[in-house]
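Reader: I should be grateful for a close look at a single part of this structure, with enough of the surroundings described to place that part in the whole.

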Amino acid sequence: MSEIIEHCLVCPNATRTDKKKFVCFACPYATQYACYIKTHVMTHTGDKPFACSYCDYTCNQSSNLQTHLRIHKTEREYACGKCAYRTAALPDLKLHLKNMHLY
């Protein structure tokens, strides 16, 4: 992976703007941050280094894994006041209220 990131930084064929020094090898994506290009490149390589310990889910960002792990959480502490819906994540309850009860 580090060789690909280095290539994205130094490739003479890539068009760079003022601040965007990393340019993707496979598409026009460009960024000034090495961590962003690394995550982006994984979308092309299929690399998914983060794996769920409860199921076969894998992803390329730890934040996506943390979001996914909420589905395995047994404690559903957020409850809808209009129906029996319960969830472990407040954003999911807010989305439920918006979509199901028009709040």
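**The second annotated segment and its contacts**

Author: Over residues 50-77 the chain is 29% helix and 14% strand, and the C-alpha atoms at the two ends are 26 Å apart. This description refers to a predicted model. The range is one of two that the UniProt annotation "domain: C2H2-type", from an unreviewed entry, covers; the other is residues 22-49. Over residues 22-49 the chain is 43% helix and 14% strand, with 21 Å between the end C-alpha atoms.

Within residues 50-77, a residue that merits attention is Asn60. Asn60 is placed in the loop that connects strand S4 (58-59) to helix H3 (62-69). Its relative accessible area is 15%, and Asn60 therefore counts as buried, the limit being under 20%. Leaving aside residues up to four places away in sequence, Asn60 touches Thr39, Met42, Thr43, Asp47, Lys48, Pro49 and Phe50. One of these residues, Thr39, also takes part in a polar contact: the side chain of Asn60 reaches the backbone oxygen of Thr39 at 3.3 Å. The distance qualifies because the cut-off for such a pair of N or O atoms is 3.5 Å.

The other annotated range, residues 22-49, calls for a remark on its aromatic residues. A search of the whole structure yields one aromatic pair. Its members are Tyr33 and Tyr36, whose rings lie 5.1 Å apart, centre to centre, with 70° between the planes, an edge-to-face arrangement. As for their surroundings, Tyr33 has a relative accessible area of 41% and is partly exposed. Tyr36, at 47% relative accessibility, is likewise partly exposed. Both values fall in the class between buried and exposed, because that class runs from 20% to 50%.

The whole chain supplies the context for these details. The protein has four helices and six strands, and from the N terminus on its elements follow the order α-β-β-α-β-β-α-β-β-α. Of its 103 residues, 21% count as buried, and Asn60 is buried as well. Among contacts in the protein with a separation of 6 or more, 10% are made by residues 24 or more positions apart. The accessible surface amounts to about 7,400 Å², and carbon and sulfur atoms account for 54% of that area.

How values were computed. Residues are numbered from 1 along each chain as its sequence is written. This is a predicted model: local features need pLDDT of at least 70, side-chain atom pairs count only at pLDDT 80 or more; totals for chains, interfaces and linings use all residues. Side-chain values use heavy atoms; hydrogens and water are left out. Buried means under 20% relative accessible area, exposed over 50%, partly exposed in between (1.4 Å probe, protein chains only). Contact means heavy atoms within 4.5 Å. Accessible areas come from the Shrake-Rupley method with a 1.4 Å probe; for residues, only the protein chains shown count as cover. UniProt positions are given in the numbering used here, feature names are shortened, and annotations may be inferred rather than shown by experiment. Rings of Phe, Tyr and Trp (its six-membered ring) pair if their centres lie within 6.5 Å; planes under 30 degrees apart count as stacked, over 60 as edge-to-face and the rest as tilted. A polar contact is a pair of N or O atoms within 3.5 Å; within protein, one must be able to donate a hydrogen and the other to accept it, and residues adjacent in sequence count only if both atoms are side-chain atoms.
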